[in-house]
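Please open the model in a viewer and follow the selections below in order.

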Amino acid sequence: MICHIDYEAPDDLLDGKIVLVTGASSGIGRAAAMSYARHGATVILLGRSVSRLEVVYDAIEAMGAPQPAIFPLNLESATSQDYATVATKLEKEFGRLDGLLHNASILGERVTVADADPAIWAQVMQVNFTATLGLTQALLPLLQVSGDASVIFTSSSVGRQGRARWGAYSTSKFATEGLMQILADEHRDSNLRFNSLNPGATRTAMRKAAYPDEDPQVLRTPEEIMPTYLWLMGPESLGTSGRAFDAQPPK
Ligand code: NDP
């Protein structure tokens, strides 16, 4: 396990960087967007609800961080045309992309494979994996312009070890880990880096849905797990690629 929970990022860690965060409206994605902005990045907030993204936008502006941007996109219905549009808009507004945090995901249903609904399985794969792949493909040229961009894929403990009743979600995270490793190998001669990050049990709506009986107070908050998110996005991780990280040590 590689974890940087004690990392203390300098205030100017991401000064001048352009960083896109998917699922930036709530939970871990919101905390990461705020944290990257607080450390100097211009953050592109991507998500399906403009009104929820606007709340994050306002919070970033209120702390005096670089002005963010909102890119609305529903990853459940997104097509290659939509990913291309994101890339074109980014190219026009910023000319490059220095960081990409693939964070948006859905849980799907917690049932056995025998009981799984194929339609829900496909929906989970679309949001958690296929959209991640499409967006990465479309944004690769802009990441290459940056020269030393960092791409972080959000994984899960069930993306590294299968577990009963985690069906599509677990499968989507295994696929994400595989994509990360393939990209890291394909770009091993460049300064582009691709790593995966398992947040670990974190106090969010998704965790509540997965474990309704758990006391949320025993869990770390999204803000508390940010050190590894910052380390991976910042220059100290240059040269590290194809690795699986954990944002917190196991309990
Ligand atoms: P939340 O459910 O709290 O947040 C998920 C985010 O993804 C929200 O911003 C949500 O937007 C967005 N999203 C969902 N569907 C779509 C869609 N169709 N299009 C665009 N955006 C969408 O989850 P967490 O913050 O807990 O999870 C963040 C990441 O961490 C996920 O990848 C998850 O798998 C992973 N993870 C979380 C753990 C935990 O304990 N919390 C443990 C292990 C992994 P909206 O606000 O509109 O719903």
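Begin by selecting Val19 in strand 2 together with Gly99, its bridge partner in strand 5. This is a predicted model, in which local features need pLDDT of at least 70 and side-chain atom pairs pLDDT 80 or more, whereas totals for chains, interfaces and linings use all residues. Residues are numbered from 1 along each chain as its sequence is written, and side-chain values use heavy atoms, without hydrogens or water.

Next, extend the selection to strand 5 (residues 99-102), which pairs with strand 2 in the parallel sense over three bridges. Strands here are DSSP runs of E with at least two residues, helices are runs of H or I with at least four, both numbered from the N terminus, and pairing requires at least two DSSP bridges.

Now select strand 2 itself, residues 18-22: five of its five residues are buried, that is, under 20% relative accessible area (1.4 Å probe, protein chains only). Ile18, Leu20 and Thr22 point one way, while Val19 and Val21 point the other way.

Add strand 3 (residues 42-47), which forms five bridges with strand 2, again in the parallel sense. Here Val21 stands opposite Leu45. Between these strands the chain passes through helix 1 (residues 27-38), in a right-handed β-α-β crossover: with the strands pointing away from the viewer, the path from the first strand over the helix to the second runs clockwise.

Finally, select the ligand. An oxygen atom of the ligand lies 2.6 Å from a side-chain N or O atom of Ser25, and one lies 2.5 Å from a side-chain N or O atom of Tyr169. Helix 6 (205-210) gives the most to the shell around the ligand, with three residues.

Terms used:
Buried means under 20% relative accessible area, exposed over 50%, partly exposed in between (1.4 Å probe, protein chains only). A polar contact is a pair of N or O atoms within 3.5 Å; within protein, one must be able to donate a hydrogen and the other to accept it, and residues adjacent in sequence count only if both atoms are side-chain atoms.
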